Amino acid sequence: MSKQYVIGIDIGTSGCKTLIVDHEGQVARRAVEEYPLSTPRAGWSEQEPEHWWRAVLSTLKNVLDGFKSVNDIKAIGLSGQMHGLVALNGDGRVLRPAILWNDQRTGDQCRKIHDLAGGIEGLLKHTNNQMLPGYTGGKILWLRENEPENYEKTRMILNPKDYIRYRLTGEYATEVSDASGTGLFNVRQRRWAYTLLEILDIAKDLLPACYESPEISGSLSSNISTDLGLPAGMPVAGGGGDAVVQTTGTGLVEPGILGTTIGTAGVAAMALDRCYGNPQGKLQVFCNNMPGKWHTMGVTLAAGGSLRWVRDMLGGSENEVGRWLDKDVYEIYAAEAALAEPGCEGLLFLPYLIGERCPHPDPKARGGFIGLTLRHDRRSMLRSVLEGAIFSLKDVAGLIEEMGIEISQIRTSGGGANSDLWRQIHADVFNNEVITVSGSAEGGAYGAALVAGAGVGVWQSVEEAVLAIKTEKRTPPDEKNIGIYKKLYPIYRDLYHQLKKTFDKLADIYQ
């Protein structure tokens, strides 16, 4: 049997990753290109969609350069950062920079949506989810209230990956996992929440057609096919929002396996075989990439993003050394952090640098180092950032366990999965073996490729596709560290509640 291939493209917060994956699940080619993030005001987060598009074209050309089996590529799958708002006019032109998932400006609009829907319980009847700051629904109201001229010109609202779909195919479309993250989707019935749209006075034709993730949503346009040298009319599958499809790419297809992701955000997630209720909307319950299955998760806003902040704001010589030696600067930081003792002698880091989503949906939350003494140094501070990110994931995982599902295994992915130290901290804090699998470091692009392959028959289903995933690394907990973290975690968990009034006062002064 000759090899078959699929392409996976992921529009991340920090950059675009494009993969070519063969029918055995092996990554044949990869390319990554970064782009900038704009924070025009405190709590705001924006990007230019044109930067995504340029990165897509660049990475596609990179992976296809010299690839001799172009005619054996069967489909393209898309993944991307969820919840973003790309507003297009009637000509399909972008009206303003995209407002991203980690943007916190919509607190007032989210409260208004809850009030109009009859409170949290009323909203849960429509969507089974709260309207969190960062969700697309709140952004739509913000645009209407604060930029009425742009809103009047808006004829289509897309999530980031779906803007790339439009540029590739000319089609306005999304799929059920990303649509779930708009806060305007009936996840029980797997369709737009039309009654809620009427309540909020949002025209339903502002939102695109919605597909199941493996379904074909369009085909590559002729001009793009010619430019890239790909077969004309190549199918483009629905794909998946990154936080969902990334867990698909690590094999999360059955309840009990906890998937954690340490990218810019932190995610703790699990596949569900039915649509569970979501008391008080503490978690996110979304449609899964597998038809007839669901997905629950909680997302923290600045897990790996906290370490990137360290790199950008506090890094100096390490950044230069990394460039000189062609070495990942995060490896340098991890080596330094490994010299500090587990628990950092009581130094704790709160990773609320851009507010928080789960388990505290609070845009006013602030980050901080707690417990600093003269004994602490750079090594301690770096390690405490890594530990704080894992504590935040444990916070979220506790909510999933409250649904009555026991965690039998942990699979981790994202950039943080590459770090031996971060995986060890992960295993020690959770007191559970942490597993990485083939493709786990490739993010949403890998899951998007598997979903696309299932859509065109490279695999008969997503469940069959994940059988190609292989275990790569196993990190058992270190018995001597378990007790330390068991003592520190309750203190970490209590700090938010102790400091909430302080966060509110600071936000009142500096918003």
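Okay, let's start with a cysteine: C210 is partly exposed, with a relative accessible area of 29%. On that scale, buried is under 20% relative accessible area, exposed is over 50%, and partly exposed sits in between, using a 1.4 Å probe and protein chains only. Before I go on, this is a predicted model, where local features need pLDDT of at least 70, side-chain atom pairs count only at pLDDT 80 or more, and totals for chains, interfaces and linings use all residues. Residues are numbered from 1 along each chain as its sequence is written, and side-chain values use heavy atoms, with hydrogens and water left out.

So, how many disulfides does the structure hold? Zero, where a disulfide is a pair of cysteine sulfur atoms within 2.5 Å. For C210, the closest cysteine sulfur is in C287, 7.6 Å away, and that's too far for a bond. C358 has C110 as its closest, with 15 Å between the sulfurs, again too far for a bond. Unlike partly exposed C210, C358 is buried, at a relative accessible area of 1%.

C358 also turns up around T300. That threonine is in strand β19, residues 294-300; strands here are DSSP runs of E, at least two residues, helices are runs of H or I, at least four, and both are numbered from the N terminus. T300 is buried, with a relative accessible area of 1%. Leaving out neighbours within four places in sequence, T300 contacts A265, G266, E356, C358, S392 and V396, contact meaning heavy atoms within 4.5 Å.

Now the cores. A nonpolar core is a set of buried Ala, Val, Leu, Ile, Met, Phe, Trp, Tyr and Cys residues joined through side-chain atoms within 4.5 Å. The largest has 129 residues, and L184 and L230 have the most contacts inside it. Helix α14, residues 378-401, gives the largest share of this core, 11 residues. Apart from it there's another core of 23 residues, among them A237, L450, A452 and A465. Back to L230: not counting residues up to four places away in sequence, L230 touches I7, L64, V70, I73, I76, L220 and S225.

Last thing, the lining of the largest cavity. By class, that lining has five nonpolar, four polar and one charged residues. For the classes, Ala, Val, Leu, Ile, Met, Phe, Trp, Tyr, Cys and Pro count as nonpolar, Asp, Glu, Lys and Arg as charged, and the others, Gly among them, as polar.
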